[in-house]
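Student: I have a chain open on my screen and would like to go through it. Can we start with one helix and work outwards?

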Amino acid sequence: MCRVQDAAFRAALRSGYDGTTVEAIAAAADVSPSTVYRAFGTKEGIFLWDELELPALDLLADELAHRSPIAAAIAVVEAIGALEFHVSDTEMRRRLNLVLAEPGLRSSMSDEFRRFEGELAAMFTDGGEIDAVEARIVAAATVAAVLAAVEAWGSADHPVPFATAAADAAASLRSVLNR
């Protein structure tokens, strides 16, 4: 999946998002278009696939086994900063800026964050420690913290490491949720 996404971003950074086709992406990644569609669903899906989502959900599941949902959410936002992308920070910033500059991708990214928020809320209620309303609030705050970290990291004039942006977001989340 990384190879296909890498090919997609190389093509889009060269030819623009609209000038990049699934067929061209598949050819550059040495796979068939049907393989790309099976793996990602749509062209947008290629650009929005997040290699850190599954590791982050695994981290959350581990944290929820030992902590309250609020403590687990804070720990995961902080831990996300230690996860490593398969490409450099500079390359990830370029990719993020491409996604944010493309209105359709930006809108779809917002939809993905809302979907992720629902997954988090469901995970938070599974342990029975908090009710559905509180779980939704904690999930929304967690997603907002992750989004704030990503935006701060991606748009900084003098880029900081993603771990620093995530730690700052976790500290803010801790401050808000523990009042």
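**Helix by helix**

Tutor: Take helix α6, residues 69-80: its 12 residues reach 16 Å from the first C-alpha to the last, close to the 16 Å expected at 1.5 Å a residue. Keep in mind that this is a predicted model.

Student: Is α6 largely enclosed or left open by the rest of the structure?

Tutor: It is largely enclosed, because nine of its 12 residues are buried.

Student: Which residues of α6 are buried?

Tutor: Pro 69, Ile 70, Ala 72, Ala 73, Ile 74, Ala 75, Val 76, Val 77 and Ile 80.

Student: And what do the buried residues of α6 pack against?

Tutor: They pack against four helices: α5 (53-64), α8 (103-126), α9 (132-155) and α10 (162-177).

Student: Pick one residue there. Where is Ala 75, and is it buried or exposed?

Tutor: Ala 75 sits in α6. Its relative accessibility is 14%, and buried means under 20%, so Ala 75 counts as buried.

Student: What does Ala 75 touch, leaving out residues up to four places away in sequence?

Tutor: With those left out, Ala 75 touches Glu 63 and Arg 67.

Student: How far is Ala 75 from Phe 113?

Tutor: Their C-alpha atoms are separated by 19 Å, and the two residues are 38 apart along the chain.

Student: Just before α6, then. Where does Ser 68 lie?

Tutor: Ser 68 is in the loop between α5 and α6. At 30% relative accessibility, it counts as partly exposed. From Ser 68 to Glu 112 the C-alpha distance is 25 Å, with their positions 44 residues apart in sequence.

Student: Now α9. What should its 24 residues span, and what do they span?

Tutor: At 1.5 Å a residue, α9 should span 34 Å; its end C-alpha atoms are 34 Å apart, which agrees.

Student: Which residues of α9 are buried?

Tutor: The list is Ala 135, Val 138, Ala 139, Ala 141, Thr 142, Val 143, Ala 145, Val 146, Ala 149, Val 150, Trp 153 and Gly 154.

Student: What covers the buried residues of α9?

Tutor: The cover includes α6, α7 (89-101), α8 and α10. The contact with α6 also appears from the other side, since α9 is among the helices that the buried residues of α6 pack against.

Student: You mentioned α7. Is Thr 90 buried or exposed?

Tutor: Thr 90 is a residue of α7, and at 53% relative accessibility it counts as exposed. Its C-alpha atom is 8.9 Å from that of Pro 159, although the two residues are 69 apart along the chain.

Student: Anything odd in the backbone? What is phi of Asp 30?

Tutor: Phi of Asp 30 is near 60°, a positive value in a residue other than glycine. Asp 30 belongs to the loop between α2 (22-29) and α3 (33-40), and with 69% relative accessibility it counts as exposed.

Student: Zoom out. How many helices and strands are there?

Tutor: There are 10 helices and zero strands.

Student: How does the radius of gyration sit against that of a compact globule?

Tutor: A compact globule of 179 residues would have a radius of gyration near 16 Å; the protein has 17 Å, which agrees. The C-alpha atoms fill a box of roughly 50 × 35 × 25 Å along the principal axes.

Student: What share of the residues counts as buried?

Tutor: Of the 179 residues, 42% are buried. The protein exposes about 9,300 Å², and carbon and sulfur atoms supply 54% of that area.

Student: What about contacts between residues well separated in sequence?

Tutor: Among contacts between residues at least 6 apart in sequence, 66% join residues at least 24 apart.

Student: Last one, charges. How far apart are the mean positions of the positive and negative ones?

Tutor: The mean positions of the 15 positive and 27 negative charges are 5 Å apart.

Methods: Residues numbered from 1 in each chain as written. Predicted model: local features only at pLDDT ≥ 70, side-chain atom pairs only at ≥ 80, totals over all residues. Heavy atoms only, no water. Helix = DSSP H or I, 4+ residues; strand = E, 2+ residues; numbered from the N terminus. Rg over C-alpha atoms; globule rule 2.2 N^0.38 Å. Buried < 20%, exposed > 50% of the residue type's maximum accessible area, 1.4 Å probe, protein only. Contact = heavy atoms within 4.5 Å. Areas by Shrake-Rupley, 256 points an atom, 1.4 Å probe, with all protein chains shown as cover. Lys, Arg positive; Asp, Glu negative; His and termini not counted. Charge placed at Lys NZ, Arg CZ, Asp CG, Glu CD. Expected span 1.5 Å × (residues − 1).
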